[in-house]
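Open your viewer and get ready to click along. This tour tells you what to select at each stop and what you will find there.

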Amino acid sequence: MKQDYRDLSLDQIELIEKQTLRTIVQAVQQYSREAKQIFETTAADSPGEIIVLAEDLTQYALEVAELYPINKRFAGFIDYKRARWLPTPYGLIPQALLVDAKASKENFRETLQKSQLPMDAEFRKKTTGEVVQLSAGVLPHLPIESANGGVLPAISTSIFVHFHYKDAPAGSDIYRELKGIYVLAIPHGILKPRYNPNPDETIFGEGKHSPARAEDARIRVYYKSLRTARPWRLQELLYANGSNGYTQPLWRDEDAVGMETTTEFLYLER
């Protein structure tokens, strides 16, 4: 039985991230009706407060997504952090699950702080052609000492849950309208040859930060680029065409030849 992710193939690492994303998408779908009600009827006076609201809702949604826990606490600038065992066909793999919540009126890109970046990134600025490089801020794994003298490397898996909203219609009795929830799986650093082999083949772009104000560097992941690289890494749970207040339960994937597919999945009420 394998316990060290470094003994796995790149395809197996991808499947670990895909299976993790499946459990989170299932949990978010099942919580989507209550999430919409709370998101739209809770007062928040600034975009920052709305992000805090999204953080709370993500925590609530993932209450049912826990697997076999590992009693290990760790710090970091990620909203939801859990060490756990992840059952796989090739072994019981220790995992450091990192889930960060976002909320904005955009639905085409994600801004990551360096502390949230799981792989060394490089891209070319469109305006100047300059190559920008940013080293990963997320460690590839969390070392956990075993009871019998070994060290278990808990693979870091980075997921982002993005609440996309619009201003409420005039005269409405809600504060804002939640349009959909996007769930992204950002690749582990070991997968860099597949997702960012050079500055011109990349899922990354320039983030918004101010060096003059000594702000930490930021980087952006563009939904279109991530979806093109692997369709399943960007999931969209949209309220349009949903039923009974839930988002529409559609899972995006790819077939044997890499063509994008969409399949409806079943879910339970919360």
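Two strands pair if DSSP finds at least two bridges between them. Strands (E, at least two residues) and helices (H or I, at least four) are DSSP runs, numbered from the N terminus. What you have open is a predicted model, in which local features need pLDDT of at least 70 and side-chain atom pairs count only at pLDDT 80 or more, while totals for chains, interfaces and linings use all residues. Residues are numbered from 1 along each chain as its sequence is written, and side-chain values use heavy atoms, with hydrogens and water left out.

**Stop 1: strand β8 and its partners**

Select residues 151-167, which form β8. Now add β9, residues 176-186: this strand runs antiparallel to β8, and 10 bridges join the two. To see one of these links, pick Ser 158, whose bridge partner in β9 is Ile 186.

Next, show β3 (91-104). β3 pairs with β8 in the parallel sense, over 10 bridges. Val 99 is a good place to zoom in, as it stands opposite Ile 159 in β8.

Then colour β7, residues 141-145, which is antiparallel to β8 and joined to it by five bridges. Here Leu 142 has Ala 154 of β8 as its bridge partner. β7 and β8 form a hairpin with five residues between the strands, and in it Gly 149 takes a positive phi near 95 degrees.

Is β8 mostly covered or mostly open? It is mostly covered, with 14 of its 17 residues buried. Buried means under 20% relative accessible area, exposed means over 50%, and partly exposed is in between (1.4 Å probe, protein chains only).

**Stop 2: a cavity beside β8**

Rolling a probe the size of a water molecule over the atoms shows where empty space is left. The search uses a 1 Å grid over the protein atoms alone: a cavity is a set of points where a 1.4 Å probe fits but cannot get out, a pocket is an open set with protein on both sides within 12 Å along at least five of seven lines, and lining residues have an atom within 4 Å of a point. Grid points are joined across faces, edges and corners, and a volume is the space filled by probe spheres set on the points.

How many cavities of 30 Å³ or more does the search find? It finds one in the whole structure. The largest cavity has a volume of about 30 Å³. Select its lining: Val 28, Tyr 31, Ala 35, Leu 57, Thr 58, Ala 61, Val 161, Phe 163 and Ile 181. At least two lining residues come from each of α1 (10-41), α2 (47-61) and β8.

Colour the lining by class and you get eight nonpolar residues, one polar and no charged ones. Ala, Val, Leu, Ile, Met, Phe, Trp, Tyr, Cys and Pro count as nonpolar, Asp, Glu, Lys and Arg as charged, and the others, Gly among them, as polar.

Stay with Thr 58, which is found in helix α2. Thr 58 counts as buried because its relative accessibility is 5%. Leaving aside residues up to four places away in sequence, Thr 58 touches Val 99, Ala 101, Val 161 and Phe 163, where contact means heavy atoms within 4.5 Å.

**Stop 3: a three-stranded sheet**

Now show the open sheet with the order β4-β11-β10, whose pairing is antiparallel. β4 (109-113) and β10 are at the edges with a single partner strand each, so one side of each has no neighbour in the sheet. From one strand to the next, the twist averages 40 degrees (axes are lines fitted to C-alpha atoms, for helices over the stretch in contact, and angles run from 0 to 180 degrees between N-to-C directions).

Zoom in on β10 and β11 (residues 218-222), an antiparallel pair with three bridges. Phe 204 stands opposite Val 221 in β11.

**Stop 4: the second largest pocket**

Phe 204 also helps to line the second largest pocket, along with residues including Arg 124, Asp 200, Glu 206 and Tyr 222. This pocket holds about 310 Å³ of space. β10 gives the largest share of the lining, three residues. By class, the lining has four nonpolar, three polar and five charged residues.

**Last stop: a loop**

Finally, select Asn 241, in the loop between β12 (234-238) and β13 (250-254). Its phi is positive, near 70 degrees, although Asn 241 is not a glycine. Asn 244 is in the loop between β12 and β13 too, and has a positive phi of about 55 degrees. Asn 241 counts as exposed at 67% relative accessibility, and Asn 244 counts as exposed at 63%.
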